[in-house]
Amino acid sequence: MADNLSDTLKKLKITAVDRTEDSLEGCLDCLLQALAQNNTETSEKMQGSGILQLFASLLTPQSSCPAKVANVIAEVAKNEFMRIPCVDAGLISPLVQLLNSKDQEVLLQTGRALGNICYDSHSLQAQLINMGVIPTLVKLLGIHCHNAALTEMCLVAFGNLAELESSKEQFASTNIAEELVKLFKKQIEHDKREMVFEVLAPLAENDAIKLQLVEAGLVECLLEIVQQKVDSDKEDDIAELKTASDLMVLLLLGDESMQKLFEGGKGNVFQRVLSWIPSNNHQLQLAGALAIANFARNDGNCIHMVENGIVEKLTDLLDRHVENGNVTVQHAALSALRNLAIPVVNKAKMLSAGVTDAVLKFLKSEMPPVQFKLLGTLRMLIDAQAEAAEQLGKNVKLVERLVEWCEAKDHAGVMGESNRLLSALIRHSKSKDVIKTIVQSGGIKHLVTMATSEHVIMQNEALVALALIAALELGTAEKDLESAKLVQILHRLLTDERSAPEIKYNSMVLTCAIMGSESLHKEVQDLAFLDVVSKLRSHENKSVAQQASLTEQRLTVES
């Protein structure tokens, strides 16, 4: 065998130069046979013989057997150690040229060769993209859609190339969406559909392609699959139902594709998605709630959905998942409610529909993603809703849980949202009872810490809440404000040049508000606030300069 191979390689070198067709084909057949018997050893010998360099000249359309040459390269490139030598031998460019061939066997072997050489190499795949293989392959898929092997080759190539961000723009400029949807409709077998799904998912991350897929009718195909598979307990069907409904949700992440499918709330797709929420299938409940959360990304849609009873459907769904519920469904339903609560006109309607009670049932959840959405939903609901803010702010269980979550160091999102909700309860209720509840539950120190947050919006929310506490219940909160070192923090905020103008402004308002406390007043005097404030009278921001004058007068009178 070894001698045979050496002879073949020698003969091939001569034949490659002379272009003797019969013996060339015979040599290539011998190589393919040797590769089938021991790929690694044969590939090593080929590399040592320098034959790869001659292959580039055999890959021209004029060559007598480009398909066999490409097949040999495809087999050789199954070995990782042979991929760079194939590149160095200059094989990529002639292979890419061969993709313009009309011969289906040549196309198939060429596709295999390129796929194996570039396997797992983002830089080589990027090179192929730059050489324009995407439009070529999309065209091939359209022309040869009846050739199963070629179709599969194109899909595998798309799957690999679609992982690269640089490919998305090229794909978007072809009719890939149309071709894939056409192909998808023809597939009956699960495995074949699965292959198309694997290409659709990465492509659908691009907004332009999302819209193209929607326009090409993918959504109707997905809805049909859901309908066919929803009652099946076969593993393949359950997997396909999940893939189809996940892809459906992904298509709704694009603003244009989402709006097109919403169709003013009258669209068939929107209606079908609504019917998933009360279903008994967890995957459909999840996809339905996520779809609603996506539809709820603009005020008009939110208002329309709330007017048409979506809130009751979501609270019913949450009720079904209170005890040992599905965490992903809880998270999705709360996300939808949070988004729906953003428009001002929806807040009162959602409050009277009992959303707060439905949400509060999840206070005992130990899952940070659920906690995070629960907090966000409540914060959206009480925005400028004084009565609701007061009711929630007097709920000792809620406030105690918020104080506990304000210390959730491992979950920055939950910690931030808890602080923001504590502050919102005070700012929107302006209620002494709420402040007393928060003081008694140990919440003051967290609001003071929040004033040092790296996010200006959170600093501001904390300072405004603390100013209300000082104005309404200074006696009750005095000790906690003192032990939380509020005065030192205010001093730091006022002297720090990096503090935003609104932070300086609210810090001075708060400084004036705590002057009624003897102990805090003494701390302000000891830290020479008067000097700091005097300097701010010449601040470039007018509001800050004015507040500095007022604060200076106040401090001078009190001193």
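The buried residues of helix α33 pack against five helices: α31 (444-450), α32 (456-483), α34 (501-513), α35 (518-526) and α36 (529-536). This picture comes from a predicted model. Helix α33 itself spans residues 486-495.

Which residues of α33 are buried? They are L486, V487, I489, L490, L493 and L494. These residues cover an arc of only 160 degrees around the axis, which puts them on the same side of α33. The spacing fits a general rule. An α-helix has 3.6 residues a turn, so residues three or four places apart point the same way. The buried side of α33 is thus the side to follow when tracing its packing against α31, α32, α34, α35 and α36.

Next come the aromatic rings. How many aromatic pairs does a search of the whole structure find? The count is 5. One of them joins F262 and F270. Their ring centres are 4.9 Å apart and their planes meet at 65 degrees, so the pair is edge-to-face. Both partners are shielded. F262 is buried, with a relative accessible area of 1%. F270 is buried too, at 3% relative accessibility.

F262 has a further partner in F295. Here the centres are 5.4 Å apart, the planes are 45 degrees apart, and the pair is tilted. F262 lies in helix α18 (residues 255-262), while F295 lies in helix α20 (residues 282-295). The pair therefore ties together parts that are 33 residues apart in sequence. F295 is buried, with a relative accessible area of 0%. Taken together, ring pairs link F262, F270 and F295 into a cluster.

The cysteines give another view. How many disulfides does a search of the whole structure find? It finds 0. Why does C30 form no such bond? The closest cysteine sulfur to that of C30 belongs to C27, and it is 6.5 Å away. That is too far for a bond, because a disulfide needs the two sulfur atoms within 2.5 Å. C30 is partly exposed, with a relative accessible area of 36%.

C154 is also without a bonding partner. Its sulfur is 10 Å from the closest cysteine sulfur, in C145, and this is too far for a bond. Is C154 buried or exposed? C154 counts as buried, at 1% relative accessibility.

Note on methods: Residues numbered from 1 in each chain as written. Predicted model: local features only at pLDDT ≥ 70, side-chain atom pairs only at ≥ 80, totals over all residues. Heavy atoms only, no water. Buried < 20%, exposed > 50% of the residue type's maximum accessible area, 1.4 Å probe, protein only. Helix = DSSP H or I, 4+ residues; strand = E, 2+ residues; numbered from the N terminus. Arc of directions from axis to C-beta. Contact = heavy atoms within 4.5 Å. Phe/Tyr/Trp six-rings, centres within 6.5 Å; stacked < 30°, edge-to-face > 60°.
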